[in-house]
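Hi,

Here's the structure I said I'd pass along. Have a look at it first, and my notes follow underneath.

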Amino acid sequence: MTSARKLSLGCIADDYTGASDLANTLTRAGLRTVQTIGVPSDDLKLPEVDAVVVSLKSRSIEAGTAVERSRAAEKWLRGRGAGHVLFKICSTFDSTDAGNIGPVMDALRADSADSIVLVTPAFPETGRTVYQGNLFVGAVPLNESPLKDHPLNPMHDSNLVRVLARQSKTKVGLVDLATLTRGADAVRAKLADLTGKGIGAVIIDAVFDRDLETIGQVALDHRLSVGASGIGLGLARGLVASGKVTSNAATAISASPVGGPAACLAGSCSQATLQQIANAETIMPVLHLDPERVIAGKEEAQRALAWAKDRIGEGPVLIASSSTPEQVAALQSRHGRDAAGHAIEQAMADLAEGLVQAGVRRLVVAGGETSGAAVDRLRIPGFLVGAEIAAGVPVLRAVGATSGEMLLALKSGNFGGPEFFSDALKLMR
Ligand code: ADP
């Protein structure tokens, strides 16, 4: 089912969780969306979709490499017909004077031959607002928020016109809230005026959810924009409102059920996950790995795999490495935090691979790092995003995977309600 249709929206995200968040936001707004892991190969077969979000890991790497990878992603997206490309950054504008937002924006702007680029990290529903070019995180300006102490990208200036100007060769201007409130045509007139003055990028204010819609509408006149999931939402609504996209994302993933055996893996030791495992014990067989034996060698994962193979014909199973904070601390003091974590992640990746080889087609993984290890091992190039199981945790359908059709749910430790595992399996058909 390769699509000959052109993409309505291409997105390049500078980190994986930001990409997932954006893909989920676009899906909720009605766009059939695929998230890819890195720049896909040219021959990746896509189902019929409206948007693709390419996930990069380029937020805090050397600027030249970030530019190179972003341009490769843009080339791929334009090759699939994307008329508009959003460069997705963090809603707290995480960057330094060396980049990478400015250098990547400059390069993509040159490739797109856009006269002026709209830039805003605003996402009012998550407390990120921009007024007179100043970014607020909740009630405080960016430079008073916890971001001032970020280990990689400490943010000491809340005025984004200045922040972007320091890292970009483009002259940066402002479209303020007063102009935005007068509507799309007022913004267009202001942009024309600023373009005439040699300005090539603007920070655009947004304080209310409806501001994103005006921004999205105007941004679609252009080939490139820069921002967080908020502007993504504005672009998605603009595409649906213009009739370029019919809002039908929810049905895209469930068009044909995948079926097949189901299994769950838990490597998160968060309170929420520990409770979810306890609840799963009442509805499915649960095997608790012995973390000490996992670190000692491969046999523990092999034992667990044999246990699972005996049971997956009957119904879902759960394998967990998760322990209480005291047990985790004890294990870490014996083996070191990184060594213990890495060994357990690799065992979980072995299990994911073994389970899929044994026929599992529906896989639920609890834990951010654990999910990353499993997805890397399964070499899944991308996911079609489906309905949300819990806030921020959608059902995913693998795209272009050598293992064939399969459904996944990947959740960070703290996400999901107490019945998360059964909630997930109910939606994964
Ligand atoms: P979360 O999303 O809750 O942070 P992650 O999977 O990202 O979950 O991180 C959990 C980390 O803890 C992983 O590195 C995992 O391998 C490690 N881990 C899992 N079980 C144990 C355990 N019993 N003791 C120590 N570390 C563990």
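**Charged pairs and overall build**

Lys197 is exposed, with a relative accessible area of 51%; here exposed means over 50%, buried means under 20%, and partly exposed is in between (1.4 Å probe, protein chains only). Its partner is Asp193: the two form a salt bridge with the closest N and O atoms 3.3 Å apart. Asp193 itself is partly exposed at 36%. I'm using salt bridge for a side-chain nitrogen of Lys or Arg within 4 Å of a carboxyl oxygen of Asp or Glu.

Before going further, the small print. This is a predicted model, where local features need pLDDT of at least 70 and side-chain atom pairs count only at pLDDT 80 or more, while totals for chains, interfaces and linings use all residues. Residues are numbered from 1 along each chain as its sequence is written, and side-chain values use heavy atoms, with hydrogens and water left out.

Back to the pairs. Glu292 and Arg334 also meet in a salt bridge, at 2.8 Å from N to O. That one links distant parts of the chain, 42 residues apart: Glu292 sits in helix H11 (residues 291-296) and Arg334 in helix H13 (residues 325-335). Glu292 counts as partly exposed at 29% relative accessibility, whereas Arg334 counts as exposed at 53%.

Then there's Lys298 with Asp350, whose closest N and O atoms are 2.9 Å apart. Lys298 is in the loop between H11 and helix H12 (299-311) and Asp350 is in helix H14 (residues 337-357), so this salt bridge ties together parts that are 52 residues apart in sequence. Elsewhere, Asp97, Asp157, Arg162 and Arg166 are joined into one network by salt bridges that share partners. The full count comes to 24 salt bridges.

As for the whole chain, it has 16 helices and 18 strands (DSSP runs numbered from the N terminus: H or I of at least four residues for helices, E of at least two for strands). The radius of gyration is 23 Å, close to the 22 Å that the globule rule gives for 429 residues, so the chain is as compact as a globular protein of that length. That radius is taken over C-alpha atoms, and the rule is 2.2 Å times the number of residues to the power 0.38. Buried residues make up 56% of the 429. Of the contacts (heavy atoms within 4.5 Å) with a separation of 6 or more, 73% are between residues 24 or more positions apart.

Cheers
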